[in-house]
Amino acid sequence: MAEDKNSVSKTLLWVSVNTLFNMLLLFILVESFFVSYSFSYKLFADMPCEAVSGTLSDITINEGMTIRELASVLESSHIVESKEMFLARVYIGKYSDRIQSGTYSLSPTMTPDEICKTICREQSEGAP
């Protein structure tokens, strides 16, 4: 009889631990999905950091400045929401080898694509 109780206790403990592990795994998978979706949506929706802002910041890109350094400057100046998001946009849009040194007036209301086109000195699609 004691062995039956011990066996039932072990089985119950194993089922409980297994259930907890599965619930934790499910939580991690669902949370990963939401983080991935949010990142992808922000990346491909091409949304500005702020919807309304009248501030312009002069950003200087020096010769030899890396894209990571530029992304950090843009993030610390609150021009872009996240340097990782900006880096992804630069590489996906293939702007990485076209960025030109100079001083640019950038705003948080500009989309990442507009920022990239500005620092690459490309005309916007609607400009003649």
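In the predicted model, ring pairs join Phe-33, Phe-34, Tyr-37 and Tyr-41 into a cluster. The structure contains three aromatic pairs. One of them is formed by Phe-33 and Tyr-37, whose ring centres lie 6.4 Å apart with the planes at 25°, so this pair is stacked. Phe-33 and Tyr-37 are four residues apart in helix 1 (residues 2-45) and are therefore separated by about one helical turn. Phe-33 has a relative accessible area of 52% and is classed as exposed because this value is over 50%. The rings of Tyr-37 and Tyr-41 also form a pair, with centres 6.2 Å apart and planes at 20°; this pair is likewise stacked, because planes under 30 degrees apart meet that criterion. Tyr-37 and Tyr-41 are again four residues apart in helix 1, and about one helical turn separates them. An α-helix has 3.6 residues a turn, so residues three or four places apart point the same way. Tyr-41 is partly exposed, at 45% relative accessibility.

The interior was examined next. The largest nonpolar core comprises 19 residues, and those making the most contacts inside it are Leu-70, Leu-74, Phe-86, Leu-106, Ile-115 and Ile-119. Two or more residues of this core are contributed by each of strand 1 (57-61), helix 2 (67-76), helix 3, strand 2 (102-106) and helix 4. Helix 2 provides the largest share, four residues. When residues up to four places away in sequence are not counted, Ile-115 touches Leu-74, Ile-79, Val-80, Phe-86, Leu-106 and Met-110.

In helix 3, the buried residues are Met-85, Phe-86, Leu-87, Ala-88, Arg-89 and Val-90. Of these, Phe-86 is among the residues with the most contacts inside the core, while Met-85 is among the residues nearest the centre of the largest cavity. Just after helix 3, Lys-94 adopts a positive phi of about 55°.

A single cavity of 30 Å³ or more is present in the structure. The volume of the largest cavity is about 140 Å³. Its lining consists of 14 residues, with Met-47, Cys-49, Glu-81, Met-85 and Pro-112 lying nearest the centre. At least two lining residues are supplied by each of helix 3 (83-92) and helix 4 (112-119). The lining is made up of 10 nonpolar, two polar and two charged residues. Helix 3 and helix 4 thus appear both in the lining of the largest cavity and among the elements that give two or more residues to the largest nonpolar core.

How values were computed. Residues are numbered from 1 along each chain as its sequence is written. This is a predicted model: local features need pLDDT of at least 70, side-chain atom pairs count only at pLDDT 80 or more; totals for chains, interfaces and linings use all residues. Side-chain values use heavy atoms; hydrogens and water are left out. On a 1 Å grid over the protein atoms alone, a cavity is a set of points where a 1.4 Å probe fits but cannot get out, and a pocket is an open set with protein on both sides within 12 Å along at least five of seven lines; lining residues have an atom within 4 Å of a point. Grid points are joined across faces, edges and corners, and a volume is the space filled by probe spheres set on the points. Ala, Val, Leu, Ile, Met, Phe, Trp, Tyr, Cys and Pro count as nonpolar, Asp, Glu, Lys and Arg as charged, and the others, Gly among them, as polar. A nonpolar core is a set of buried Ala, Val, Leu, Ile, Met, Phe, Trp, Tyr and Cys residues joined through side-chain atoms within 4.5 Å. Buried means under 20% relative accessible area, exposed over 50%, partly exposed in between (1.4 Å probe, protein chains only). Contact means heavy atoms within 4.5 Å. Rings of Phe, Tyr and Trp (its six-membered ring) pair if their centres lie within 6.5 Å; planes under 30 degrees apart count as stacked, over 60 as edge-to-face and the rest as tilted.
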